[in-house]
Amino acid sequence: MLKSVLRGAAVLGLIVSTAQALNVTTWRYDLARTGQVSETQLTTANVNSSAFGKLYSYAVDGYVYAQPLYLAGVTINSVAHNVVYIATQHDSVYAFDADQSAQLWHASLLDAAHGAASGATTVPASDVASSDIVPEIGITGTPVIDASAGILYVVSKTKENGAYVQRLHALDVSTGAERGGSPVTIQGAVSGSGIGSVNGSIAFQSQWELNRSALALMNGTVYVPFGAHGDNGPYHGWLFAYNAQSLQVTALWNSSPAGKGNGLWQSGAAPAMDVVNGVSRMFFATGNFFATGSASPNPSPPYSSSQNYSNAIVRMDLSNGGLTVSDEWTPFDQQALSASDLDQTSGGVLLLPDQSGPTVHELVQVGKNGRIEVLNRDNLGGFNTSSNHIVQEIGGQIAGLWSTPAYWNGRVYFWGNGDSLKQFSLSGGLLSGSPVATASVSSAFPGASPVVSSNGTSNGVLWSIRSDAYGSGGPAVLYAFDATNVATLLYSSAQNSARDAAGKAVKFQVPLVANGKVYVGAQGEVDVYGLLAVAPPTAPTPTFQPAPGVYSSAQTVNLADTLASASIYYTTNGAPPSTSSTLYSGPFTVSSTSTVQALAVAQGYNPSSIASGTYTIGSAPLINFSNGFAQAKGLQLNGSAVNTDDSRLQLTTGAQSQAGSFFFTTPVPIGAFTTDFTFQLSGTAPLADGITFTIQAAGPTALGSLGGGLGYGPDTPGGTPGIPKSLAVKFDLYNNAGEGSDSTGLYLNGASPTTPAVDLTSSGIVLGSGNTLSAHVVYDGTYLYLTLKDLVAGKTFSTRWQVNIPQTVGGSTAYVGFTGGTGGLVASQKILTWTYTAQSSAPTPLAYETENLPAVSSGPVFRTFAWSGFPDGIGTILDSTKVGDSVTFTVNVPQTGTYDLHVTAKDFNIRGIWQLAVDGQNMGTPHDEYSPAESFQDFDVGPIVFGSAGNHTFRFTVVGRNPSSSDWKLCFDVIKLNPQ
């Protein structure tokens with residue numbers, strides 16, 4: 001039977017033993033990741049809403065993705081404490097007294113004492129082109145503790161002087177200080193020809209790699225796995241092995257040395273470990289593969305570190321701190337799984353206790369496809385092209401897992417995405433073919449990783465955190481079920497939400513159960529639950545008036561608490577409040593979009609939960625999927641469109657001859673609007689065919705043809721029109737009719753979305769790169785503007801089309817959404833996020849009077865002059881005499897974004913033709929100021945994207961003159977920038 005080697009250790013002079021208190025030093029309690037923990041205080045009899053509830057909360061400085069950890073009897077400042085350790089995305093590690101609401105120490109891994117450079121920050125989510133982890137990236141993976149040495153190992157991610165750094169820290173559990181030789185920068189390289197290879201070597205890239213899987217510790221070695229942020233950047237799956245004492249790398253492994261991908265995520269699960277016949281072994285799952293050459297995604301015996309391991313369960317031999325692949329299993333349909341983005345690594349690996357059947361050592365794992373896989377750990381089964389040669393496979397009984405199953409007393413528990421918690425029996429090494437019990441509670445994405453507390457084989461309580469409200473700002477919900485029959489609900493924090501509501505949900509959170517208490521990580525806090533009789537009451541949570549929401553003007557906010565003796569402390573910058581924050585003494589004004597958080601404290605009460613609310617001042621999106629599509633409420637999905645792939649909505653799923661669409665089911669105003677969406681077109685090249693953003697009046701079920709029709713129109717020009725009364729902007733991957741394999745364009749009334757087209761090649765944007773792309777689309781009533789960005793490569797493209805959208809669709813409102821198609825070639829075509837905001841008026845333009853701008857002439861006189869035709873009566877002239885003469889203005893642009901650029905001037909019969917260059921790049925075509933008589937002219941230069949705020953150069957150069965003009969002079973009045 002497997003036993004944890006990380007529990008119950010005592011450290012002389014550091015950790016003092018506490019009766020019946022067991023340490024929790026690793027993710028999901030033990031190396032097998034069973035999720036079972038010894039617990040004598042919490043029982044099926046006392047875990048109910050009358051006797052059990054929320055005791056207090058710990059306020060912390062960021063989201064808590066990592067599972068909290070627990071040590072009993074740690075001596076801190078000469079006093080023994082039971083301690084809970086909490087890591088946050090703000091790169092902080094906290095130690096709290098586990099038995100009361102008291103902070104013992106706080107270590108910021110952004111300061112010099114912990115190795116960071118001056119000015120270090122966490123990494124903004126926008127820097128990795130992903131909204132998977134928001135709003136900042138710091139500590140994501142669960143740390144691990146060496147109880148015998150008194151060291152907590154944790155990985156931080158920082159941004160320092162424009163560079164990205166990941167470090168492994170060894171913190172003293174009593175003080176939070178770095179131990180000798182700590183921290184170390186995570187870096188290394190392997191031989192390979194895959195993405196990012198330089199001269200046959202692939203280096204670890206800190207910006208794009210994510211330590212999502214928890215750290216693991218065994219035999220004096222710390223193991224650190226990596227995946228990526230989405231599928232962005234030149235990423236690979238990486239696994240580092242560090243000597244726990246010296247923090248020197250003892251081994252390094254890359255899962256895709258001849259390609260891209262195969263990340264190690266497991267929705268936060270740590271690699272599972274065992275020891276058989278004296279050999280220490282590790283098991284984990286890898287993600288899907290992106291080919292960059294001719295290399296196979298699948299390994300074959302004899303296994304080596306030069307092979308790719310796609311959608312695999314890998315067994316590593318850990319002898320002497322090494323990482324040697326000793327066996328693996330790959331699904332027979334892994335190619336189809338990769339094409340559909342159905343990763344195996346969405347779920348963690350569970351090692352079962354020794355079984356009585358023919359297979360003694362087994363593991364259970366489930367990926368996005370929802371198939372339960374039972375494997376022989378001693379012979380995983382390898383890769384077969386027609387079927388999976390494993391112990392047992394059960395399909396169609398559960399949904400895909402973005403979590404890890406749990407084990408207790410002959411039972412295995414699964415809680416899938418969009419599914420209910422389900423219990424299977426285990427006998428002779430085989431699971432029951434269907435659930436023996438199903439809970440009444442279901443969860444949208446991502447499901448949950450349950451854990452079981454028990455006193456041996458009795459009083460089994462299954463605990464789980466429902467976190468599917470993570471994108472909407474709703475609370476986490478703690479559940480407790482009878483582990484012998486999960487159809488019996490013992491407790492829910494929603495049963496008495498006024499008393500027990502947890503903080504805002506964080507996806508993938510796993511509860512910590514230790515010594516009679518349950519700890520739930522959330523946004524900016526960790527909530528502590530236990531038996532109510534042993535704790536003082538908790539102060540009521542403050543309330544807001546008016547309620548947080550969207551308002552067109554500034555709001556006066558009142559805070560209140562039902563406990564008269566309570567003092568309320570608050571913040572307006574989104575930071576967690578404490579007693580050091582502003583003390584509420586009366587109403588205050590919120591004049592711009594702000595997140596207000598409030599905390600109530602009172603004598604004889606534990607501090608309240610943190611109340612949080614965002615006041616949005618200004619226009620609100622009519623459609624808001626800014627956190628993705630974990631829930632597709634309000635959308636009609638048609639054809640091949642599905643939202644089963646985590647929080648992304650797939651238009652096509654990597655299969656041939658597909659057409660898919662989805663539309664918001666309520667028509668929205670289209671007279672003027674802004675819409676933003678991010679998307680990703682991925683798979684193994686060559687890809688096909690592409691997607692569209694579509695506005696149409698045909699109805700929410702509208703769908704065009706497959707292939708080059710992109711789910712919108714016919715495959716080739718001249719074919720039968722597709723969606724009528726419509727407009728579509730395409731993003732095209734394949735050359736069907738001369739449009740090229742990297743193009744955009746505007747199409748009306750179901751026309752073939754092929755030609756005419758705009759080639760994107762010169763912009764550096766490659767639609768089929770697999771990178772996350774963002775589209776910013778603005779319609780001002782006359783022009784439809786598109787700004788397209790590759791958020792990974794940093795490339796930008798902008799264009800516009802003149803179009804009357806209401807006239808085209810036949811009304812002032814219409815259905816908006818997306819379409820996509822594949823033919824003989826395929827792609828996984830995903831929309832990641834989407835917002836749509838109707839505009840009642842255009843933004844105020846920025847107007848720069850040229851007489852007030854800094855200006856430098858190339859030689860000719862540059863002067864001001866008066867003319868009654870100018871709105872303010874004054875303008876400027878360059879007395880140019882030849883081609884090449886120029887004047888350069890310095891314009892301060894206050895913020896980044898897309899603008900429509902106009903230049904006003906006085907045209908006359910002595911004028912020349914100018915070409916404008918902004919920051920050295922020509923804008924559009926030349927403009928002729930010649931006119932036979934004096935006239936005021938507004939030159940429409942077109943859209944421009946500013947990637948940085950501050951000063952920019954506008955150079956006007958004489959490039960010719962009209963044959964009727966008698967001179968070369970240039971005139972200027974105003975440079976106008978209309979925000980889009």
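## A three-stranded sheet

Two strands count as paired if DSSP finds at least two bridges between them. In this predicted model, 3 strands meet that rule and form an open sheet in the order β13-β15-β14. The pairing is antiparallel. Strands β13 (189-191) and β14 (197-198) are the edges, and each pairs on one side only.

Strand β15 covers residues 201-203 and is joined to β14 by 2 bridges. These two strands run antiparallel. One residue pair can be named: S197 has I202 in β15 as its bridge partner. In general, strands of a sheet pair through backbone hydrogen bonds, either parallel or antiparallel.

## Nonpolar cores

The largest nonpolar core holds 49 residues. F52 and W463 have the most contacts inside this core. Strand β2 (residues 52-63) supplies the largest share, 5 residues.

A second core is separate and has 47 residues. Its members include L651, I670, I691 and V816. In soluble globular proteins, nonpolar side chains tend to be buried together.

## The second largest pocket

The second largest pocket encloses about 700 Å³ of space. Its lining has 25 residues. Nearest its centre lie S126, D676, T678, S774 and L791. By class, the lining splits into 9 nonpolar, 14 polar and 2 charged residues.

Which elements give two or more residues to the lining of this pocket? They are β58 (673-682), β63 (773-779), β64 (783-790), β67 (828-838) and β73 (897-907). The largest share, 4 residues, comes from β67.

Key
Residues numbered from 1 in each chain as written. Predicted model: local features only at pLDDT ≥ 70, side-chain atom pairs only at ≥ 80, totals over all residues. Heavy atoms only, no water. Core = buried A, V, L, I, M, F, W, Y, C linked by side-chain atoms within 4.5 Å. Buried < 20%, exposed > 50% of the residue type's maximum accessible area, 1.4 Å probe, protein only. 1 Å grid on protein atoms, 1.4 Å probe; cavity = no way out; pocket = protein on both sides within 12 Å on 5 of 7 lines; lining within 4 Å. Points joined across faces, edges and corners; volume = space filled by probe spheres on them. Nonpolar A, V, L, I, M, F, W, Y, C, P; charged D, E, K, R; others polar.
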